[in-house]
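Student: I should like to understand how the labels attached to a model are justified. Could we take them one at a time?

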Amino acid sequence: VYAIQDGISDYAEEPTTAVTYMLRNRYTKCTAVALLIVVMAMLLFGVKDAFVTSMITLIAALAATGLPPASQWTSIDWLLVGITLFNICSCLYSVTPLPAYNAANISVLMLVAYWLQRSIFIDHKYTQAVITGYVMTSFVAMILAVTAFVIYRQAVINAGFSETYSFRFLYRPLGYVNNMWAEIAVCMLGISCMMKRWRLPLMCLAAIAVLLTFSRGAYLSAALLLVLVTLTTRKRKRLAETMITVTVAIAVVAVVCKGDLVTTIHLNDNVTQRNSTEWRKVKTQASVNIFRSRPLLGYGNGSYTLITDGKAKSEEQDTFTDMAPNLPVKLLLENGIMGTLPYILLFICIVQGTWRCRRDTQTCVAGCTLTALAAKEMTQATLLQTPVMMFLAYSIMAYMQRSGRKYTEKNICSMRTTTITVTVLLVAWMAVFGGINGTHYLYNKETGHLNNGIKAVEQYKASHDAKYLKTATEELAVAFRQHPYDG
């Protein structure tokens, strides 16, 4: 009865195969939906040590649900696989192996979540369940963020200041740096636009969350998102509702924080904004000069801060973030031309997919959201350093490729083969991960000589024995050769 109600013909050409397949996956997919929502919430609220639990549960869910047949993989699928493999290979040559290893782990987790959603999003009802879960979780986060802003603003006002713009670094909703939270809020605004029920209040709250960051990059990317949504929306009623909702959000923020809003909109009016813009220009130029030393593969994931430390800095600029001024600079410096090319091709595929499905409002909004996030990354690169943002970006890409493709018996056999192969590789990666983390191999390798040198120095101070001084000199010399950019 369940199979008939859901329309067997939409999923397979052979009824018998479809019945078996659907009944086997019904409860599995329901469980997978719940797991995805929980993982998203753990990443958003910064639950400690969420990686291992998330990886194990998502791999199990993926093995039970199955991957799309390899013959039906899209260009985006293959590019994301390529990016993950490159991130793993980056561990072998990175000048900062520990951050590179962490980046590889996160990349693998995002790929697993992406594949699981690709499998789930074949069915419309599961798709809506996942998106609704993400939006409701985001709703709670935005309520907490707005509440945190009220408390933060009141503290600034009580201290005798009339505006909060110069103290934005103190505003850290859910523990995120303001620029990170700004990008999360823009993403939430885009996702809320894809909702059918409760769309208007969710959009209004998301727009308020974006405006309260007083981030120029967030304002520009949100404006781009709204412009793109306006151009792709065919229903006048939906367009009017969107414009009214955004207007209400702007009015609410203007009433409470008019001065801060005006300062942000002026973009480059005060000294702080001009210094920030100048910092981005100078830092970009310095990064380009450093890039020329390793143009092909870069310095490895997680190396940007270390490689550029001391470059293009001044006394006034030390107050600004150590993040890359934009995503292209970060990618070129850390991954080189070889690692940046897949991201360029990925963006082209997203734009192409958005145009191809321009008559589908939800798909267009998803593509517009990713485009707006790319624009935000041109003002400061935070996406690759924010796991929940990577998770949402991968989720939106999976959502764009949802389809009800027919599964024949041959397709299902191919699915099993693909699923088994990928599951074995993921389990092997988890075994490597467990071995490295359990034995602290990488940590000891990278810090062993430094710790031994420091220990020998302390022993020399206590005993004044020359042998400890010799040991310290030798160990620290090895540590310096091992980390030449950390001298």
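Tutor: The following exchange sets values of this predicted model against the definitions behind the labels.

Student: What makes up the secondary structure of the chain?

Tutor: The chain has 19 helices and zero strands. Of its 487 residues, 48% count as buried.

Student: Why is α8 called largely enclosed by the rest of the structure?

Tutor: A residue is buried when its relative accessible area is under 20%. In α8, 11 of the 13 residues are buried, so the helix is largely enclosed by the rest of the structure. Among those buried are R199, M203 and L211.

Student: What covers the buried residues of α8?

Tutor: The cover includes α6 (124-158), α7 (178-193), α9 (216-232), α10 (236-256) and α11 (258-265).

Student: How do you know what span to expect for α8, residues 199-211?

Tutor: The expected span is 1.5 Å times one less than the number of residues. For the 13 residues of α8 that gives 18 Å, and the helix reaches 18 Å from its first C-alpha to its last, close to the expectation.

Student: Why is C368 not counted as bonded to C364?

Tutor: A disulfide requires cysteine sulfur atoms within 2.5 Å. The closest cysteine sulfur to that of C368 lies in C364, 6.1 Å away, and is therefore too far for a bond. By this rule, the count comes to zero disulfides.

Student: Why is C257 called buried, and what of C368?

Tutor: The cut-off is under 20% relative accessible area. C257 has 3%, so C257 is buried. C368, at 4%, therefore also counts as buried.

Definitions and conventions: Residues numbered from 1 in each chain as written. Predicted model: local features only at pLDDT ≥ 70, side-chain atom pairs only at ≥ 80, totals over all residues. Heavy atoms only, no water. Helix = DSSP H or I, 4+ residues; strand = E, 2+ residues; numbered from the N terminus. Buried < 20%, exposed > 50% of the residue type's maximum accessible area, 1.4 Å probe, protein only. Contact = heavy atoms within 4.5 Å.
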